[in-house]
Amino acid sequence: MANASGLRSPPTPRSEVSSPRPKFDSELLKAYMKKLLSTTLSSSVWPEPKDRDRVKSWMKEIGDRVKDRMLEIQPKGFKYVVLTQINENLGQGGRADMVCHWEDTDTVEQEVFANDSLICICIALAIRTF
């Protein structure tokens, strides 16, 4: 668009253009994930080999509850993916990093929980569908 001097104004960067599509409220999800991991795993200990199915049940419960919460926050318009991993804490630490180049309405949230016995990493993705 030309201004009074006949020069075109610089285009608005894409990152500053607001999208008419709804955004997923990731702050609500982040708070929920933090509380969920803490309450679910705070007193948990890494099981003996014969009881390792408990780890699978913890991962399934956490994944299902995070996905259910995502559906409560935004029931339509997004595809949801939840990744949950629980490992024995042998002093190695835990970390999750992700770099993604998506639409401005897509989001990813992660939460890491650790106690003396285990480390849990939960990653939740909300991907806008068209």
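**Close-ups of a predicted model**

**View 1. Helices H1 and H2 pack side against side at an angle of about 155°, and their axes are 11 Å apart.** This is a predicted model, so keep that in mind for every view here. H1 covers residues 26-41 and H2 covers residues 53-73. How do the two helices run relative to each other, roughly parallel or roughly antiparallel? Angles over 145 degrees count as roughly antiparallel, and H1 and H2 are therefore roughly antiparallel to each other. Their crossing is right-handed. On the H1 side, the contact is made by Leu-28, Leu-29, Tyr-32, Met-33, Leu-36, Leu-37, Thr-40 and Leu-41. H2 brings Trp-58, Glu-61, Ile-62, Arg-65, Val-66, Arg-69, Met-70 and Ile-73 to the contact. Sort these residues by class and you get 12 nonpolar, 1 polar and 3 charged.

**View 2. The whole protein has 2 helices and 3 strands.** Start at the N terminus and the elements come in the order α-α-β-β-β. How much of the protein is buried? Of its 130 residues, 33% are buried. The protein exposes about 8,800 Å², and carbon and sulfur atoms supply 52% of that. Now take the contacts with a separation of 6 or more: residues 24 or more positions apart account for 72% of them. The next views pick out some pairs of residues that are far apart in sequence.

**View 3. Phe-78 sits in strand E1 and is buried, at 9% relative accessibility.** Buried means under 20% relative accessible area, so 9% puts Phe-78 in that class. Which residues does Phe-78 touch, if you skip its neighbours within four places in sequence? Some come early in the chain: Pro-22, Lys-23 and Phe-24. Thr-105 is in contact with Phe-78 too, and so are Ala-126, Ile-127, Arg-128 and Thr-129. Take Ile-127: Phe-78 and Ile-127 are 49 residues apart in sequence, yet their C-alpha atoms are 5.2 Å apart in space.

**View 4. Thr-105 is a loop residue between strands E1 (78-88) and E2 (107-114).** Is Thr-105 buried or exposed? Its relative accessible area is 2%, so Thr-105 is buried. Look for Phe-24 as well: Thr-105 and Phe-24 are 81 residues apart in sequence, but 6.8 Å apart in space, C-alpha to C-alpha. Both Thr-105 and Phe-24 also turned up among the contacts of Phe-78 in the previous view.

**View 5. Ile-119 belongs to strand E3, which covers residues 118-128.** With a relative accessibility of 4%, Ile-119 counts as buried. How far is Ile-119 from Asn-87, in sequence and in space? The two are 32 residues apart along the chain and 5.3 Å apart in space, C-alpha to C-alpha.

**View 6. Trp-46 lies in the loop between H1 and H2.** At 19% relative accessibility, Trp-46 counts as buried, because the cut-off is under 20%. What does Trp-46 touch, not counting residues up to four places away in sequence? Its contacts are Arg-52, Val-55, Ile-86, Asn-87, Glu-88, Ser-117 and Leu-118. You met Asn-87 in the view of Ile-119, and here Asn-87 is touched by Trp-46. Trp-46 can also be paired with Asn-115: these two are 69 residues apart in sequence and 10.0 Å apart in space, C-alpha to C-alpha.

Definitions and conventions. Residues numbered from 1 in each chain as written. Predicted model: local features only at pLDDT ≥ 70, side-chain atom pairs only at ≥ 80, totals over all residues. Heavy atoms only, no water. Axes fitted to C-alpha atoms, helices over the stretch in contact; angles between N-to-C directions. Helix = DSSP H or I, 4+ residues; strand = E, 2+ residues; numbered from the N terminus. Parallel < 35°, antiparallel > 145°, perpendicular 65-115°, else oblique. Left-handed = near helix turned anticlockwise from the far one by under 90°. Contact = heavy atoms within 4.5 Å. Nonpolar A, V, L, I, M, F, W, Y, C, P; charged D, E, K, R; others polar. Buried < 20%, exposed > 50% of the residue type's maximum accessible area, 1.4 Å probe, protein only. Areas by Shrake-Rupley, 256 points an atom, 1.4 Å probe, with all protein chains shown as cover.
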